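Here is a quick tour for anyone meeting this structure for the first time. Have a look at it, then read on.

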There are 4 protein chains.
Amino acid sequence: MFKTQTKLRPRYAETDQMGVVYYGNYPQYFEVGRVEALRELNLSYKDMEASGVMMPVLELKVRYVQPALYDDEIKIVTTINELPKTRITFEHEIYDSNGKLLTTGSVQLVFVDMKSKRPRKCPEELYNKLKDFV
Amino acid sequence: MFKTQTKLRPRYAETDQMGVVYYGNYPQYFEVGRVEALRELNLSYKDMEASGVMMPVLELKVRYVQPALYDDEIKIVTTINELPKTRITFEHEIYDSNGKLLTTGSVQLVFVDMKSKRPRKCPEELYNKLKDFV
Amino acid sequence: MFKTQTKLRPRYAETDQMGVVYYGNYPQYFEVGRVEALRELNLSYKDMEASGVMMPVLELKVRYVQPALYDDEIKIVTTINELPKTRITFEHEIYDSNGKLLTTGSVQLVFVDMKSKRPRKCPEELYNKLKDFV
Amino acid sequence: MFKTQTKLRPRYAETDQMGVVYYGNYPQYFEVGRVEALRELNLSYKDMEASGVMMPVLELKVRYVQPALYDDEIKIVTTINELPKTRITFEHEIYDSNGKLLTTGSVQLVFVDMKSKRPRKCPEELYNKLKDFV
(Lines give C-alpha, C1' and ligand atoms only; values in the text may rest on other atoms or scores of the structure.)
Protein backbone atom coordinates (compact mmCIF):
# COMPACT_ATOMS: atom_id res chain seq x y z
CA MET A 1 0.00 0.00 0.00
CA PHE A 2 1.40 3.35 -1.03
CA LYS A 3 -0.09 6.22 0.98
CA THR A 4 0.64 9.91 0.89
CA GLN A 5 -1.03 13.21 1.71
CA THR A 6 -1.17 16.83 0.69
CA LYS A 7 -3.01 19.92 1.86
CA LEU A 8 -4.84 22.81 0.24
CA ARG A 9 -7.23 25.59 1.11
CA PRO A 10 -10.55 25.65 -0.80
CA ARG A 11 -10.83 28.86 -2.79
CA TYR A 12 -13.77 31.23 -2.73
CA ALA A 13 -14.29 30.28 -6.38
CA GLU A 14 -14.85 26.70 -5.28
CA THR A 15 -17.71 27.46 -2.89
CA ASP A 16 -21.31 27.74 -3.99
CA GLN A 17 -24.32 29.57 -2.60
CA MET A 18 -24.95 26.74 -0.12
CA GLY A 19 -21.90 28.22 1.63
CA VAL A 20 -19.69 25.15 1.16
CA VAL A 21 -17.43 23.65 -1.50
CA TYR A 22 -19.43 22.70 -4.62
CA TYR A 23 -19.76 18.93 -5.01
CA GLY A 24 -18.25 19.04 -8.49
CA ASN A 25 -14.92 20.45 -7.27
CA TYR A 26 -13.80 17.34 -5.40
CA PRO A 27 -12.56 15.62 -8.58
CA GLN A 28 -10.09 18.53 -8.85
CA TYR A 29 -8.98 17.91 -5.28
CA PHE A 30 -8.55 14.23 -6.08
CA GLU A 31 -6.44 15.30 -9.08
CA VAL A 32 -4.22 17.32 -6.76
CA GLY A 33 -3.95 14.24 -4.53
CA ARG A 34 -2.91 12.03 -7.48
CA VAL A 35 -0.34 14.45 -8.84
CA GLU A 36 1.26 14.97 -5.44
CA ALA A 37 1.26 11.19 -4.86
CA LEU A 38 3.28 10.79 -8.06
CA ARG A 39 5.59 13.65 -7.04
CA GLU A 40 6.18 11.88 -3.72
CA LEU A 41 7.54 9.01 -5.83
CA ASN A 42 9.78 11.49 -7.69
CA LEU A 43 7.57 11.19 -10.76
CA SER A 44 5.56 13.86 -12.49
CA TYR A 45 2.43 13.45 -14.54
CA LYS A 46 3.75 16.26 -16.72
CA ASP A 47 6.85 14.22 -17.59
CA MET A 48 4.73 11.14 -18.17
CA GLU A 49 2.72 13.03 -20.79
CA ALA A 50 5.93 14.41 -22.28
CA SER A 51 7.13 10.80 -22.66
CA GLY A 52 3.98 9.87 -24.58
CA VAL A 53 1.77 8.32 -21.91
CA MET A 54 -1.53 9.87 -20.88
CA MET A 55 -3.97 8.76 -18.21
CA PRO A 56 -7.62 9.41 -19.00
CA VAL A 57 -10.10 8.65 -16.25
CA LEU A 58 -12.40 5.61 -16.55
CA GLU A 59 -14.39 5.82 -13.37
CA LEU A 60 -15.01 8.22 -10.52
CA LYS A 61 -16.81 7.62 -7.25
CA VAL A 62 -17.36 10.17 -4.50
CA ARG A 63 -19.16 9.84 -1.17
CA TYR A 64 -19.91 13.13 0.57
CA VAL A 65 -19.90 12.95 4.38
CA GLN A 66 -19.49 16.58 5.44
CA PRO A 67 -18.89 19.63 3.28
CA ALA A 68 -15.48 21.29 3.03
CA LEU A 69 -15.48 24.98 3.94
CA TYR A 70 -13.88 28.01 2.36
CA ASP A 71 -10.25 28.57 3.41
CA ASP A 72 -10.27 25.74 5.97
CA GLU A 73 -7.17 23.74 5.12
CA ILE A 74 -8.12 20.25 4.03
CA LYS A 75 -5.92 17.18 3.99
CA ILE A 76 -6.15 14.90 0.96
CA VAL A 77 -4.97 11.38 1.72
CA THR A 78 -4.23 9.32 -1.38
CA THR A 79 -3.68 5.57 -1.39
CA ILE A 80 -2.72 3.05 -4.06
CA ASN A 81 -3.68 -0.43 -2.89
CA GLU A 82 -2.88 -2.54 -5.92
CA LEU A 83 -0.01 -2.71 -8.37
CA PRO A 84 -1.26 -1.19 -11.63
CA LYS A 85 -1.47 -3.14 -14.88
CA THR A 86 -3.06 -1.14 -17.69
CA ARG A 87 -5.23 0.55 -15.10
CA ILE A 88 -4.49 2.25 -11.81
CA THR A 89 -6.85 3.14 -8.98
CA PHE A 90 -6.30 5.97 -6.53
CA GLU A 91 -8.31 5.97 -3.30
CA HIS A 92 -8.87 9.32 -1.60
CA GLU A 93 -9.99 10.57 1.77
CA ILE A 94 -10.39 14.25 2.53
CA TYR A 95 -10.29 15.61 6.10
CA ASP A 96 -10.92 19.10 7.43
CA SER A 97 -8.41 20.99 9.58
CA ASN A 98 -9.79 19.29 12.71
CA GLY A 99 -9.26 15.84 11.28
CA LYS A 100 -12.95 15.21 10.59
CA LEU A 101 -13.65 13.04 7.53
CA LEU A 102 -15.35 15.05 4.76
CA THR A 103 -15.22 12.93 1.63
CA THR A 104 -14.07 9.58 0.35
CA GLY A 105 -13.67 8.59 -3.25
CA SER A 106 -11.78 6.67 -5.87
CA VAL A 107 -10.59 7.34 -9.39
CA GLN A 108 -9.66 4.66 -11.88
CA LEU A 109 -7.45 5.70 -14.80
CA VAL A 110 -6.02 3.85 -17.78
CA PHE A 111 -2.53 4.21 -19.24
CA VAL A 112 -2.80 5.20 -22.90
CA ASP A 113 -0.10 5.47 -25.54
CA MET A 114 -0.55 8.95 -26.99
CA LYS A 115 0.51 7.90 -30.49
CA SER A 116 -1.52 4.74 -30.95
CA LYS A 117 -4.31 6.00 -28.66
CA ARG A 118 -4.44 2.49 -27.20
CA PRO A 119 -4.19 1.23 -23.65
CA ARG A 120 -0.73 0.13 -22.60
CA LYS A 121 0.95 -1.24 -19.49
CA CYS A 122 1.87 0.97 -16.57
CA PRO A 123 5.21 2.68 -17.29
CA GLU A 124 8.02 0.62 -15.77
CA GLU A 125 9.39 3.51 -13.75
CA LEU A 126 6.11 3.95 -11.92
CA TYR A 127 5.58 0.22 -11.54
CA ASN A 128 9.00 -0.32 -10.02
CA LYS A 129 8.59 2.48 -7.53
CA LEU A 130 5.19 1.22 -6.44
CA LYS A 131 6.46 -2.36 -6.11
CA ASP A 132 8.33 -1.35 -2.97
CA PHE A 133 5.09 -0.28 -1.30
CA VAL A 134 2.22 -2.30 -2.70
CA MET B 1 -39.78 6.38 -14.71
CA PHE B 2 -39.42 10.07 -15.37
CA LYS B 3 -37.05 10.79 -18.24
CA THR B 4 -36.03 14.08 -19.81
CA GLN B 5 -33.17 15.58 -21.78
CA THR B 6 -31.32 18.81 -22.38
CA LYS B 7 -28.44 19.94 -24.58
CA LEU B 8 -25.37 22.09 -24.18
CA ARG B 9 -22.09 22.84 -25.89
CA PRO B 10 -18.91 22.22 -23.85
CA ARG B 11 -17.02 25.47 -23.40
CA TYR B 12 -13.35 26.01 -24.15
CA ALA B 13 -12.93 26.59 -20.41
CA GLU B 14 -14.14 23.04 -19.82
CA THR B 15 -11.51 21.35 -21.98
CA ASP B 16 -8.06 20.43 -20.73
CA GLN B 17 -4.72 19.94 -22.44
CA MET B 18 -5.68 16.38 -23.39
CA GLY B 19 -7.93 18.16 -25.93
CA VAL B 20 -11.20 16.93 -24.41
CA VAL B 21 -13.60 17.89 -21.62
CA TYR B 22 -11.90 17.58 -18.21
CA TYR B 23 -13.25 14.63 -16.22
CA GLY B 24 -14.17 16.86 -13.31
CA ASN B 25 -16.63 18.93 -15.35
CA TYR B 26 -19.23 16.19 -15.80
CA PRO B 27 -20.74 16.75 -12.35
CA GLN B 28 -21.63 20.25 -13.61
CA TYR B 29 -23.27 18.73 -16.68
CA PHE B 30 -25.22 16.38 -14.42
CA GLU B 31 -26.28 19.44 -12.41
CA VAL B 32 -27.61 21.02 -15.62
CA GLY B 33 -29.46 17.77 -16.31
CA ARG B 34 -31.04 17.75 -12.82
CA VAL B 35 -32.10 21.37 -12.93
CA GLU B 36 -33.66 21.03 -16.36
CA ALA B 37 -35.41 17.82 -15.26
CA LEU B 38 -37.05 19.76 -12.43
CA ARG B 39 -37.91 22.61 -14.82
CA GLU B 40 -39.58 20.05 -17.11
CA LEU B 41 -41.85 19.32 -14.13
CA ASN B 42 -42.53 23.05 -13.74
CA LEU B 43 -40.39 23.14 -10.64
CA SER B 44 -37.23 25.08 -10.01
CA TYR B 45 -34.42 24.24 -7.66
CA LYS B 46 -34.09 27.98 -7.06
CA ASP B 47 -37.66 28.12 -5.72
CA MET B 48 -37.09 25.01 -3.65
CA GLU B 49 -34.17 26.72 -1.89
CA ALA B 50 -36.27 29.87 -1.49
CA SER B 51 -38.89 27.73 0.26
CA GLY B 52 -36.29 26.41 2.72
CA VAL B 53 -35.30 23.08 1.21
CA MET B 54 -31.82 22.39 -0.02
CA MET B 55 -30.42 19.30 -1.66
CA PRO B 56 -26.80 18.51 -0.86
CA VAL B 57 -25.22 15.63 -2.75
CA LEU B 58 -24.48 12.36 -0.93
CA GLU B 59 -22.98 10.27 -3.66
CA LEU B 60 -21.65 10.66 -7.19
CA LYS B 61 -20.67 7.98 -9.67
CA VAL B 62 -19.34 8.57 -13.17
CA ARG B 63 -18.25 6.10 -15.83
CA TYR B 64 -16.28 7.62 -18.72
CA VAL B 65 -16.80 5.86 -22.05
CA GLN B 66 -15.67 8.43 -24.62
CA PRO B 67 -14.61 12.02 -24.04
CA ALA B 68 -16.87 14.96 -24.89
CA LEU B 69 -15.33 17.47 -27.29
CA TYR B 70 -15.25 21.24 -27.32
CA ASP B 71 -18.33 22.85 -28.89
CA ASP B 72 -19.84 19.52 -29.97
CA GLU B 73 -23.40 19.70 -28.70
CA ILE B 74 -23.98 16.99 -26.12
CA LYS B 75 -27.30 15.56 -25.01
CA ILE B 76 -27.78 14.96 -21.29
CA VAL B 77 -30.49 12.38 -20.59
CA THR B 78 -31.73 12.42 -17.00
CA THR B 79 -33.88 9.72 -15.44
CA ILE B 80 -35.58 9.31 -12.08
CA ASN B 81 -36.40 5.65 -11.55
CA GLU B 82 -37.73 5.63 -7.99
CA LEU B 83 -40.09 7.81 -6.02
CA PRO B 84 -37.97 9.85 -3.61
CA LYS B 85 -38.31 9.61 0.17
CA THR B 86 -35.69 11.68 2.01
CA ARG B 87 -33.28 10.92 -0.81
CA ILE B 88 -33.53 11.19 -4.59
CA THR B 89 -31.34 9.64 -7.25
CA PHE B 90 -30.83 11.07 -10.73
CA GLU B 91 -29.39 8.79 -13.40
CA HIS B 92 -27.57 10.46 -16.32
CA GLU B 93 -26.38 9.50 -19.75
CA ILE B 94 -24.48 11.89 -21.97
CA TYR B 95 -24.34 11.49 -25.75
CA ASP B 96 -22.36 13.38 -28.37
CA SER B 97 -23.98 15.05 -31.38
CA ASN B 98 -23.86 11.77 -33.32
CA GLY B 99 -25.70 9.91 -30.61
CA LYS B 100 -22.63 8.07 -29.33
CA LEU B 101 -22.65 7.36 -25.59
CA LEU B 102 -19.95 9.34 -23.78
CA THR B 103 -20.67 9.10 -20.08
CA THR B 104 -23.04 7.51 -17.62
CA GLY B 105 -23.46 8.45 -14.01
CA SER B 106 -25.70 8.90 -11.04
CA VAL B 107 -26.10 11.47 -8.30
CA GLN B 108 -27.85 10.83 -5.00
CA LEU B 109 -29.05 13.87 -3.05
CA VAL B 110 -30.82 14.33 0.26
CA PHE B 111 -33.61 16.79 1.04
CA VAL B 112 -32.54 19.01 3.94
CA ASP B 113 -34.54 21.54 5.91
CA MET B 114 -32.46 24.71 5.77
CA LYS B 115 -33.48 25.84 9.25
CA SER B 116 -33.04 22.63 11.21
CA LYS B 117 -30.22 21.42 8.93
CA ARG B 118 -31.82 17.99 9.15
CA PRO B 119 -32.99 15.57 6.46
CA ARG B 120 -36.67 15.80 5.62
CA LYS B 121 -39.11 14.17 3.25
CA CYS B 122 -39.25 15.04 -0.44
CA PRO B 123 -41.39 18.20 -0.87
CA GLU B 124 -44.96 17.19 -1.66
CA GLU B 125 -45.11 19.19 -4.85
CA LEU B 126 -42.19 17.30 -6.35
CA TYR B 127 -43.42 13.96 -5.03
CA ASN B 128 -46.86 14.41 -6.52
CA LYS B 129 -45.52 15.37 -9.91
CA LEU B 130 -43.17 12.40 -9.99
CA LYS B 131 -45.93 10.00 -8.91
CA ASP B 132 -47.47 10.28 -12.35
CA PHE B 133 -44.30 8.96 -13.97
CA VAL B 134 -42.47 6.71 -11.54
CA MET C 1 -20.67 47.37 -35.91
CA PHE C 2 -21.52 43.71 -35.59
CA LYS C 3 -23.78 42.97 -32.66
CA THR C 4 -25.31 39.74 -31.48
CA GLN C 5 -26.65 38.12 -28.33
CA THR C 6 -27.06 34.82 -26.60
CA LYS C 7 -28.58 33.61 -23.35
CA LEU C 8 -27.62 31.22 -20.59
CA ARG C 9 -28.56 30.31 -17.04
CA PRO C 10 -25.78 30.57 -14.42
CA ARG C 11 -25.14 27.15 -12.90
CA TYR C 12 -25.04 26.39 -9.19
CA ALA C 13 -21.36 25.56 -9.72
CA GLU C 14 -20.81 29.14 -10.83
CA THR C 15 -22.14 30.76 -7.68
CA ASP C 16 -20.04 31.34 -4.56
CA GLN C 17 -20.87 31.67 -0.90
CA MET C 18 -21.75 35.33 -1.38
CA GLY C 19 -24.87 33.90 -3.04
CA VAL C 20 -24.09 35.28 -6.51
CA VAL C 21 -22.04 34.33 -9.57
CA TYR C 22 -18.30 34.32 -8.73
CA TYR C 23 -16.47 37.24 -10.35
CA GLY C 24 -14.04 34.91 -12.07
CA ASN C 25 -16.75 33.16 -14.08
CA TYR C 26 -17.60 36.10 -16.32
CA PRO C 27 -14.66 35.46 -18.65
CA GLN C 28 -16.37 32.11 -19.40
CA TYR C 29 -19.60 33.92 -20.16
CA PHE C 30 -17.70 36.29 -22.46
CA GLU C 31 -16.25 33.21 -24.16
CA VAL C 32 -19.77 31.93 -24.78
CA GLY C 33 -20.64 35.35 -26.20
CA ARG C 34 -17.64 35.28 -28.58
CA VAL C 35 -18.26 31.76 -29.79
CA GLU C 36 -21.94 32.42 -30.44
CA ALA C 37 -21.05 35.69 -32.21
CA LEU C 38 -18.86 33.70 -34.59
CA ARG C 39 -21.58 31.07 -35.03
CA GLU C 40 -24.00 33.87 -35.94
CA LEU C 41 -21.60 34.59 -38.82
CA ASN C 42 -21.66 30.91 -39.78
CA LEU C 43 -18.17 30.48 -38.45
CA SER C 44 -16.94 28.27 -35.66
CA TYR C 45 -13.92 28.76 -33.46
CA LYS C 46 -13.55 24.98 -33.53
CA ASP C 47 -13.13 25.04 -37.31
CA MET C 48 -10.76 27.97 -37.06
CA GLU C 49 -8.50 25.93 -34.78
CA ALA C 50 -8.84 22.93 -37.09
CA SER C 51 -7.60 25.16 -39.94
CA GLY C 52 -4.50 26.11 -37.92
CA VAL C 53 -5.46 29.46 -36.41
CA MET C 54 -5.79 29.95 -32.68
CA MET C 55 -6.81 33.03 -30.74
CA PRO C 56 -5.10 33.49 -27.37
CA VAL C 57 -6.34 36.35 -25.23
CA LEU C 58 -4.15 39.44 -24.76
CA GLU C 59 -6.29 41.56 -22.53
CA LEU C 60 -9.41 41.29 -20.41
CA LYS C 61 -11.39 44.03 -18.70
CA VAL C 62 -14.50 43.54 -16.61
CA ARG C 63 -16.61 46.08 -14.76
CA TYR C 64 -19.08 44.59 -12.26
CA VAL C 65 -22.29 46.58 -11.83
CA GLN C 66 -24.69 44.09 -10.27
CA PRO C 67 -24.16 40.40 -9.60
CA ALA C 68 -25.75 37.70 -11.76
CA LEU C 69 -27.89 35.23 -9.84
CA TYR C 70 -28.20 31.47 -9.98
CA ASP C 71 -30.58 30.20 -12.67
CA ASP C 72 -31.73 33.69 -13.67
CA GLU C 73 -31.35 33.69 -17.45
CA ILE C 74 -28.78 36.29 -18.47
CA LYS C 75 -28.38 37.90 -21.87
CA ILE C 76 -24.85 38.31 -23.20
CA VAL C 77 -24.63 41.05 -25.83
CA THR C 78 -21.45 40.88 -27.90
CA THR C 79 -20.24 43.64 -30.20
CA ILE C 80 -17.36 43.99 -32.64
CA ASN C 81 -16.75 47.66 -33.34
CA GLU C 82 -13.63 47.56 -35.47
CA LEU C 83 -12.46 45.45 -38.37
CA PRO C 84 -9.77 43.11 -37.01
CA LYS C 85 -6.18 43.15 -38.25
CA THR C 86 -3.93 40.78 -36.29
CA ARG C 87 -6.03 41.51 -33.22
CA ILE C 88 -9.75 41.49 -32.57
CA THR C 89 -11.70 43.04 -29.71
CA PHE C 90 -15.04 41.79 -28.46
CA GLU C 91 -17.13 44.11 -26.28
CA HIS C 92 -19.65 42.48 -23.93
CA GLU C 93 -22.62 43.55 -21.90
CA ILE C 94 -24.50 41.16 -19.65
CA TYR C 95 -28.10 41.77 -18.57
CA ASP C 96 -30.32 39.90 -16.15
CA SER C 97 -33.74 38.52 -17.09
CA ASN C 98 -35.34 41.90 -16.31
CA GLY C 99 -33.01 43.76 -18.63
CA LYS C 100 -30.90 45.26 -15.86
CA LEU C 101 -27.22 45.74 -16.72
CA LEU C 102 -24.99 43.44 -14.68
CA THR C 103 -21.55 43.53 -16.24
CA THR C 104 -19.60 45.15 -19.05
CA GLY C 105 -16.28 44.04 -20.38
CA SER C 106 -13.96 43.57 -23.30
CA VAL C 107 -11.61 40.88 -24.49
CA GLN C 108 -8.78 41.46 -26.94
CA LEU C 109 -7.42 38.40 -28.75
CA VAL C 110 -4.67 37.88 -31.31
CA PHE C 111 -4.76 35.59 -34.33
CA VAL C 112 -1.86 33.13 -34.14
CA ASP C 113 -0.62 30.64 -36.70
CA MET C 114 -0.52 27.35 -34.83
CA LYS C 115 2.52 26.09 -36.74
CA SER C 116 4.79 29.12 -36.59
CA LYS C 117 3.32 30.26 -33.24
CA ARG C 118 3.42 33.79 -34.64
CA PRO C 119 0.72 36.43 -34.98
CA ARG C 120 -0.99 36.55 -38.35
CA LYS C 121 -3.75 38.50 -40.04
CA CYS C 122 -7.40 37.85 -39.35
CA PRO C 123 -8.56 34.90 -41.50
CA GLU C 124 -10.09 36.23 -44.72
CA GLU C 125 -13.38 34.43 -44.20
CA LEU C 126 -13.99 36.18 -40.88
CA TYR C 127 -12.76 39.52 -42.19
CA ASN C 128 -15.04 39.42 -45.21
CA LYS C 129 -18.09 38.56 -43.14
CA LEU C 130 -17.38 41.35 -40.66
CA LYS C 131 -16.80 43.88 -43.46
CA ASP C 132 -20.52 43.91 -44.13
CA PHE C 133 -21.23 45.09 -40.60
CA VAL C 134 -18.29 47.06 -39.29
CA MET D 1 3.48 49.82 -0.53
CA PHE D 2 2.57 46.43 0.87
CA LYS D 3 3.94 43.58 -1.22
CA THR D 4 3.73 39.86 -0.73
CA GLN D 5 3.88 36.66 -2.74
CA THR D 6 2.57 33.13 -2.85
CA LYS D 7 3.06 30.10 -5.09
CA LEU D 8 0.85 27.46 -6.64
CA ARG D 9 0.91 24.82 -9.34
CA PRO D 10 -1.72 25.14 -12.11
CA ARG D 11 -3.97 22.09 -12.07
CA TYR D 12 -4.80 19.95 -15.08
CA ALA D 13 -8.39 21.16 -14.65
CA GLU D 14 -7.17 24.70 -15.25
CA THR D 15 -5.58 24.02 -18.63
CA ASP D 16 -7.53 24.10 -21.88
CA GLN D 17 -7.04 22.41 -25.23
CA MET D 18 -4.57 25.12 -26.27
CA GLY D 19 -2.26 23.30 -23.82
CA VAL D 20 -1.96 26.22 -21.39
CA VAL D 21 -3.89 27.69 -18.47
CA TYR D 22 -7.31 28.98 -19.60
CA TYR D 23 -7.47 32.80 -19.61
CA GLY D 24 -10.49 32.77 -17.31
CA ASN D 25 -8.64 31.04 -14.47
CA TYR D 26 -6.32 33.94 -13.64
CA PRO D 27 -8.99 35.74 -11.57
CA GLN D 28 -8.89 32.68 -9.29
CA TYR D 29 -5.12 32.99 -9.03
CA PHE D 30 -5.52 36.68 -8.19
CA GLU D 31 -8.00 35.64 -5.50
CA VAL D 32 -5.37 33.31 -4.03
CA GLY D 33 -2.93 36.23 -4.11
CA ARG D 34 -5.37 38.52 -2.27
CA VAL D 35 -6.25 35.99 0.39
CA GLU D 36 -2.62 35.15 1.10
CA ALA D 37 -1.78 38.89 1.20
CA LEU D 38 -4.36 39.31 3.95
CA ARG D 39 -3.05 36.23 5.77
CA GLU D 40 0.44 37.75 5.64
CA LEU D 41 -1.07 40.62 7.65
CA ASN D 42 -2.55 38.11 10.12
CA LEU D 43 -6.01 38.75 8.73
CA SER D 44 -8.36 36.36 7.03
CA TYR D 45 -11.05 37.13 4.51
CA LYS D 46 -13.06 34.35 6.15
CA ASP D 47 -13.01 36.21 9.49
CA MET D 48 -13.86 39.47 7.76
CA GLU D 49 -17.01 37.89 6.33
CA ALA D 50 -17.79 36.37 9.72
CA SER D 51 -17.61 39.88 11.20
CA GLY D 52 -20.15 41.17 8.65
CA VAL D 53 -17.96 42.71 5.96
CA MET D 54 -17.86 41.35 2.43
CA MET D 55 -15.78 42.48 -0.52
CA PRO D 56 -17.44 42.17 -3.90
CA VAL D 57 -15.30 42.95 -6.93
CA LEU D 58 -15.91 46.17 -8.90
CA GLU D 59 -13.30 45.92 -11.60
CA LEU D 60 -10.88 43.41 -13.04
CA LYS D 61 -8.08 43.96 -15.54
CA VAL D 62 -5.75 41.29 -16.88
CA ARG D 63 -2.93 41.57 -19.38
CA TYR D 64 -1.69 38.23 -20.74
CA VAL D 65 2.02 38.19 -21.62
CA GLN D 66 2.89 34.48 -21.70
CA PRO D 67 0.70 31.53 -20.78
CA ALA D 68 1.14 29.63 -17.53
CA LEU D 69 1.75 25.90 -17.96
CA TYR D 70 0.36 22.87 -16.21
CA ASP D 71 2.19 21.96 -12.99
CA ASP D 72 4.88 24.64 -13.46
CA GLU D 73 4.94 26.43 -10.12
CA ILE D 74 3.92 30.04 -10.59
CA LYS D 75 4.64 32.94 -8.26
CA ILE D 76 1.82 35.40 -7.62
CA VAL D 77 3.12 38.77 -6.44
CA THR D 78 0.43 40.95 -4.86
CA THR D 79 0.82 44.64 -4.09
CA ILE D 80 -1.33 47.24 -2.37
CA ASN D 81 -0.15 50.69 -3.36
CA GLU D 82 -2.74 52.93 -1.73
CA LEU D 83 -4.42 53.02 1.64
CA PRO D 84 -8.00 51.78 1.14
CA LYS D 85 -11.05 53.95 1.83
CA THR D 86 -14.30 52.24 0.84
CA ARG D 87 -12.42 50.57 -1.99
CA ILE D 88 -9.19 48.63 -2.18
CA THR D 89 -7.08 47.74 -5.19
CA PHE D 90 -4.79 44.75 -5.42
CA GLU D 91 -2.13 44.71 -8.15
CA HIS D 92 -0.88 41.31 -9.30
CA GLU D 93 2.03 39.95 -11.26
CA ILE D 94 2.38 36.29 -12.06
CA TYR D 95 5.75 34.70 -12.90
CA ASP D 96 6.64 31.20 -14.05
CA SER D 97 9.17 28.99 -12.25
CA ASN D 98 12.01 30.61 -14.24
CA GLY D 99 11.01 34.09 -13.16
CA LYS D 100 9.52 35.05 -16.54
CA LEU D 101 6.56 37.44 -16.35
CA LEU D 102 3.33 35.74 -17.45
CA THR D 103 0.48 38.01 -16.44
CA THR D 104 -0.24 41.34 -14.82
CA GLY D 105 -3.56 42.52 -13.50
CA SER D 106 -5.50 44.43 -10.93
CA VAL D 107 -8.67 43.87 -8.96
CA GLN D 108 -10.66 46.63 -7.31
CA LEU D 109 -13.05 45.61 -4.52
CA VAL D 110 -15.45 47.51 -2.30
CA PHE D 111 -16.08 46.96 1.41
CA VAL D 112 -19.77 46.22 1.96
CA ASP D 113 -21.70 45.91 5.20
CA MET D 114 -23.47 42.56 4.92
CA LYS D 115 -26.53 43.74 6.84
CA SER D 116 -27.22 47.08 5.18
CA LYS D 117 -25.75 45.89 1.83
CA ARG D 118 -24.12 49.31 1.59
CA PRO D 119 -20.51 50.35 1.04
CA ARG D 120 -18.59 51.12 4.20
CA LYS D 121 -15.09 52.16 5.17
CA CYS D 122 -12.20 49.71 5.22
CA PRO D 123 -12.26 47.80 8.54
CA GLU D 124 -9.95 49.52 11.01
CA GLU D 125 -7.90 46.44 11.68
CA LEU D 126 -6.92 46.12 8.02
CA TYR D 127 -6.39 49.87 7.65
CA ASN D 128 -4.08 50.05 10.63
CA LYS D 129 -1.98 47.14 9.47
CA LEU D 130 -1.62 48.59 5.98
CA LYS D 131 -0.70 52.02 7.36
CA ASP D 132 2.68 50.69 8.34
CA PHE D 133 3.45 49.77 4.74
CA VAL D 134 1.58 52.09 2.41
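## Chain A from end to end

Follow chain A along its sequence and the elements come in the order β-α-α-β-β-β-β-β-β-α. That gives chain A three helices and seven strands. Keep in mind that this is a predicted model.

How compact is chain A? Its radius of gyration is 15 Å, close to the 14 Å that the globule rule gives for 134 residues, so chain A is as compact as a globular protein of that length. Along its principal axes, the C-alpha trace of chain A spans about 45 × 30 × 20 Å. Buried residues account for 35% of the 134 residues in chain A. Now take the contacts in chain A with a separation of 6 or more: 70% of these are between residues 24 or more positions apart.

## Where A meets B

The contact between chains A and B draws 17 residues from chain A and 17 residues from chain B. Which elements of chain A each supply at least two residues to its side? They are α1 (26-40) and β3 (57-64). The largest share of that side, eight residues, comes from β3(A). Sorted by class, the side of chain A that touches chain B has 11 nonpolar, two polar and four charged residues.

The strands join in here as well. β3(A) pairs with β3 (residues 57-64) of chain B in the antiparallel sense, over five bridges. Within this pairing, A:Lys61 has B:Lys61 as its bridge partner in β3(B).

## The symmetry of A and B

To lay chain A on chain B, turn it by 180° with 0.0 Å of shift along the axis; the RMSD is 0.0 Å. The two copies are therefore related as by a two-fold rotation axis. In chain A, the C-alpha nearest that axis belongs to A:Lys61, at 2.3 Å from it. So A:Lys61 turns up twice in this story, since its bridge partner in β3(B) is B:Lys61, and its C-alpha is the nearest one in chain A to the axis. Both copies use the same surface, and 100% of the contact residues of chain A recur in chain B.

## Where A meets C

Chain A also touches chain C, in a contact that takes nine residues from chain A and nine residues from chain C. The side of chain A that touches chain C has four nonpolar, four polar and one charged residues.

## A helix in chain C

Next up is helix α1 (residues 26-40) of chain C. At 1.5 Å a residue, its 15 residues should span 21 Å, and its end C-alpha atoms are indeed 21 Å apart, which agrees.

Is α1(C) largely enclosed or largely open? Of its 15 residues, 11 are buried, so α1(C) is largely enclosed by the rest of the structure. Among the buried ones are C:Tyr26, C:Pro27, C:Tyr29, C:Phe30, C:Glu31 and C:Arg34. Just after the helix, C:Asn42 takes a positive phi of about 65°.

## The tail of chain C

C:Val134 sits in the segment after α3 (124-131) of chain C. With 14 other C-beta atoms within 10 Å, C:Val134 is partly exposed. Leaving aside residues up to four places away in sequence, C:Val134 touches C:Met1, C:Phe2, C:Ile80, C:Asn81, C:Glu82 and C:Leu83. C:Val134 and C:Pro84 are 50 residues apart in sequence, and their C-alpha atoms are 9.7 Å apart in space.

Methods. Residues numbered from 1 in each chain as written. Chains lettered and ligands numbered in written order. Predicted model: local features only at pLDDT ≥ 70, side-chain atom pairs only at ≥ 80, totals over all residues. Contact = placed C-beta atoms within 7 Å. Helix = DSSP H or I, 4+ residues; strand = E, 2+ residues; numbered from the N terminus. Nonpolar A, V, L, I, M, F, W, Y, C, P; charged D, E, K, R; others polar. Pairing = 2+ DSSP bridges. Least-squares fit on C-alpha atoms with pLDDT ≥ 70 in both. Expected span 1.5 Å × (residues − 1). Buried ≥ 20, exposed ≤ 12 C-beta atoms within 10 Å, placed from the backbone. Rg over C-alpha atoms; globule rule 2.2 N^0.38 Å.
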